[in-house]
Amino acid sequence: MTSPTGRSAADPLLCVGALIVDDDGRIFVQRRSPDRRLFPDTWDIAGGHVEADESLEETLHREVREETGWILSHVLGTVGEHTWKGDDGLYRLETDFLCRVDGDLSRPRLEAGKHTEFVWITEAELDLLDENRDGDDTIRRIVTDGFTMLRMFGF
């Protein structure tokens with residue numbers, strides 16, 4: 001059965017992820033609050049669900065602004081697509097982008113109630129992403145793919 005939006009209940013929810021990179025080739029991650037329904041108290045990249053009548057690029061711009069206060073300035077490339085199942089039982093199809101932003105990178109405006117802290121990580125610090133993940137390595141794989149793409153840009 002399809003909804004008025006044309007989406008079937010069996011279709012995965014569409015999401016985007018922003019692998020925001022700084023001038024030193026580090027990637028921005030933020031900790032989800034312990035009260036979040038999905039992946040509480042874990043490290044994550046900026047991003048979220050695509051809303052009705054919104055393109056992936058529009059969602060990427062909106063989510064970066066909402067979650068960090070920064071303005072998306074450049075999409076360097078598409079890192080990849082990942083299908084994952086949340087602990088709510090729903091599947092998501094996430095498209096992840098390597099991005100640059102404008103704003104004070106030392107002072108993101110974390111989305112109140114959703115994120116509690118942030119850090120810029122290097123490839124050598126990927127182990128941080130395993131914290132509280134109970135064996136789910138999805139975010140680590142996504143960020144690893146981002147670092148692989150960064151090397152193509154000479155970082």
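Start by selecting strand 1 (residues 13–20) and strand 4 (46–49): the two pair in the antiparallel sense over four bridges. Here strands are DSSP runs of E with at least two residues, helices are runs of H or I with at least four, and both are numbered from the N terminus; two strands pair if DSSP finds at least two bridges between them. This is a predicted model, in which local features need pLDDT of at least 70, side-chain atom pairs count only at pLDDT 80 or more, and totals for chains, interfaces and linings use all residues. Residues are numbered from 1 along each chain as its sequence is written, and side-chain values use heavy atoms, with hydrogens and water left out.

Pick Gly17 next; its bridge partner in strand 4 is Gly47.

Now show the whole sheet. It is open, with four strands in the order 4-1-6-5 and mixed pairing. Strand 4 and strand 5 are the edges, each pairing on one side only.

Add helix 2 (residues 138–152), which packs on the sheet and touches strand 1, strand 5 and strand 6 (91–102). Contact means heavy atoms within 4.5 Å.

Move to the rings of Phe28 and Trp70. They form an edge-to-face aromatic pair, 5.0 Å centre to centre with 70° between the planes. Rings of Phe, Tyr and Trp (its six-membered ring) pair if their centres lie within 6.5 Å; planes under 30 degrees apart count as stacked, over 60 as edge-to-face and the rest as tilted. Phe28 lies in strand 2 (27–32) and Trp70 in the loop between helix 1 (56–68) and strand 5 (71–85), so the pair ties together parts 42 residues apart in sequence. Extend the selection to Phe118 and Trp120: ring pairs link these two with Phe28 and Trp70 into a cluster.

Notes:
Axes are lines fitted to C-alpha atoms, for helices over the stretch in contact, and angles run from 0 to 180 degrees between N-to-C directions.
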